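The following note sets out numbered points on the internal spaces, one helix and several individual residues. Please read each point with the coordinates open.

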Amino acid sequence: MPQTTMPRTFPMKKPDGHKAVIQRYSSRVDASVDSIRMTILGYQEAPGATTGPEGFLAHLDDLFSHAGHPLHHDIASFVDDQGFTNTIAVCYWQDEAGYAAWRQGFDQWWHDQDPTTLPVGLWIETFSVAPAYRETNAFQEYIRGLSACPMSKIEPMSESGYWGAARDRFEASAFDDFRPDVAQDLRFDSERETLGKRIVVSDIPNRLCVIRSGVTWANCGDEQLSSYEKNLKPKLDAGMAYLRANPKETGCCSLRQVTCLDSDGSDQKEAYSLGIFLTYGHLEKWAHDHPTHLAIYTRALAERKKYQENLELLTYHEIYVLDDDVSCEYLNCHPRTGLLPCFTNEVKSRSENSPLP
């Protein structure tokens, strides 16, 4: 791990003789899978709205009744920095044919939505990634996201617990440094008029980086739960707040801290952060250099060393480096939603609708 048939151009970061404190696992996909599709569906309610996630879950029941429904999805919610309540479904497919079949039914529903009369905001953010351009890190007993998909196989790996381990877990890191074709700074304009409009985000550069990083405290006893709440979670919250507040400096286009929901919409003892960065290099720089991430990393490592195989707080993450197959569309969403502030916005009329990739 990682395996590649391409010659290695860039050396691994793993130190000689390194041994991880705790055994971690990574997911593999069958060799027949040439692309993975991840789609985020969002439902946004203004402050004071009372429908909650139930309205969104009712929509999902209909949307996932179509042919080609996702192999796996999960539900979460969060209140954003504008006070809007957002409920999201993160969905996974193992091939473009299945996704395309589902989009036929979805597009008919989506294009019937009139943003000028919608009582909520809706959005879809979707991308595909080659397996070599994704990496995962999990505990065997706590698999979520891509690792929970039926096409994934969980295997032990040794690339963890050192700087550069995440890069080493990418198969493509043997021959690709993940730099974009054209370097650029992140534009950020959160004052655009977007409510009541159908907006497609265009001019999205290649090599965006997506990270989903989660934690569960469901199995924590009093001691480890108290340590998480007092010692680790405040540092995690501070790091995420810094990224949200400094998009131009960090290259962080979007950062959502969400609470996972059961199928009936009730909270689970589980959460994750979902971030989109201009490049993997931006994410890596924050992780390597910034005090807010160093505080998270050193505290988490201290917990692992203290409890080792008795660690009750479980974590995972998955990271994707994308090509140019990224599509994002927002209906009646506020201007700080997702990628709306970061790239060119194209306002569409209903007569201009065309299926997204």
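1. In this predicted model, the second largest cavity takes at least two lining residues from each of β5 and β13 (326-331). The greatest contribution is that of β5, which gives three residues. The lining comprises Ile40, Glu125, Thr126, Phe127, Leu208, Val210, Ile276, Leu322, Val326, Cys328 and Leu339. By class, nine of these residues are nonpolar, one is polar and one is charged. The volume of this cavity is about 60 Å³.

2. The structure has two cavities of 30 Å³ or more, and the largest of them holds about 80 Å³ of space. Four elements, β2 (36-45), α1 (53-63), α2 (96-112) and β5 (121-129), each supply at least two residues of the lining of the largest cavity. Helix α1 has the largest share, with four residues. The lining residues are Leu41, Gly42, Phe56, His59, Leu60, Leu63, Phe106, Trp109, Trp110, Leu122 and Trp123. Nine residues of this lining are nonpolar and two are polar, and there are no charged residues. Strand β5 should be inspected at both sites, since its residues appear in the lining of the largest cavity and in that of the second largest cavity.

3. The second largest pocket has a volume of about 310 Å³. It is lined by 22 residues, of which Asp81, Arg244, Ser254, Leu255 and Arg336 are the closest to its centre. Strand β3 (72-79), helix α4 (222-245) and strand β10 (252-261) each provide at least two lining residues, and β10 has the largest share, six residues. The composition of this pocket lining is ten nonpolar, seven polar and five charged residues.

4. Which residues of helix α6 (residues 280-289) are buried? They are Tyr280, Leu283, Trp286 and Ala287. These residues lie on the same side of α6, because they cover an arc of only 135 degrees around the axis. The general background is that an α-helix has 3.6 residues a turn, so residues three or four places apart point the same way. The packing partners of the buried residues of α6 are α3 (165-169), β9 (209-216), α4, β11 (267-277), α7 (291-307) and β12 (314-321). At the start of α6, the backbone nitrogen of glycine 281 has a side-chain oxygen of threonine 279 within 3.2 Å.

5. Arginine 169 belongs to helix α3, one of the elements against which the buried residues of α6 pack. Arginine 169 counts as buried because its relative accessible area is 5%, under the 20% limit. Its side chain makes a polar contact with the side chain of histidine 317, at 3.2 Å.

6. Cysteine 220 is placed in the loop between β9 and α4. With a relative accessibility of 14%, cysteine 220 is classed as buried. Its C-alpha atom is 5.0 Å from that of glutamate 312, although 92 residues separate the two along the chain. Apart from neighbours within four places in sequence, cysteine 220 is in contact with Leu225, Glu312 and Leu313.

7. Proline 119 offers a contrasting case in the loop between α2 and β5. At 74% relative accessibility, proline 119 is exposed. Proline 119 and glutamate 303 are 184 residues apart in sequence, and their C-alpha atoms are 45 Å apart in space.

8. Two backbone conformations merit inspection. Most residues other than glycine have a negative phi. Arginine 207, which is not a glycine, has a positive phi of about 75 degrees. Arginine 207 is situated in the loop between β8 (198-202) and β9, and is buried, with a relative accessible area of 14%. Glutamine 308, likewise not a glycine, has a positive phi of about 45 degrees. Glutamine 308 is found in the loop between α7 and β12. At 41% relative accessibility, glutamine 308 is partly exposed, because that class falls between the limits of 20% and 50%.

Terms used:
Residues are numbered from 1 along each chain as its sequence is written. This is a predicted model: local features need pLDDT of at least 70, side-chain atom pairs count only at pLDDT 80 or more; totals for chains, interfaces and linings use all residues. Side-chain values use heavy atoms; hydrogens and water are left out. On a 1 Å grid over the protein atoms alone, a cavity is a set of points where a 1.4 Å probe fits but cannot get out, and a pocket is an open set with protein on both sides within 12 Å along at least five of seven lines; lining residues have an atom within 4 Å of a point. Grid points are joined across faces, edges and corners, and a volume is the space filled by probe spheres set on the points. Ala, Val, Leu, Ile, Met, Phe, Trp, Tyr, Cys and Pro count as nonpolar, Asp, Glu, Lys and Arg as charged, and the others, Gly among them, as polar. Buried means under 20% relative accessible area, exposed over 50%, partly exposed in between (1.4 Å probe, protein chains only). The arc is that of the directions from the helix axis to the C-beta atoms. Contact means heavy atoms within 4.5 Å. A polar contact is a pair of N or O atoms within 3.5 Å; within protein, one must be able to donate a hydrogen and the other to accept it, and residues adjacent in sequence count only if both atoms are side-chain atoms.
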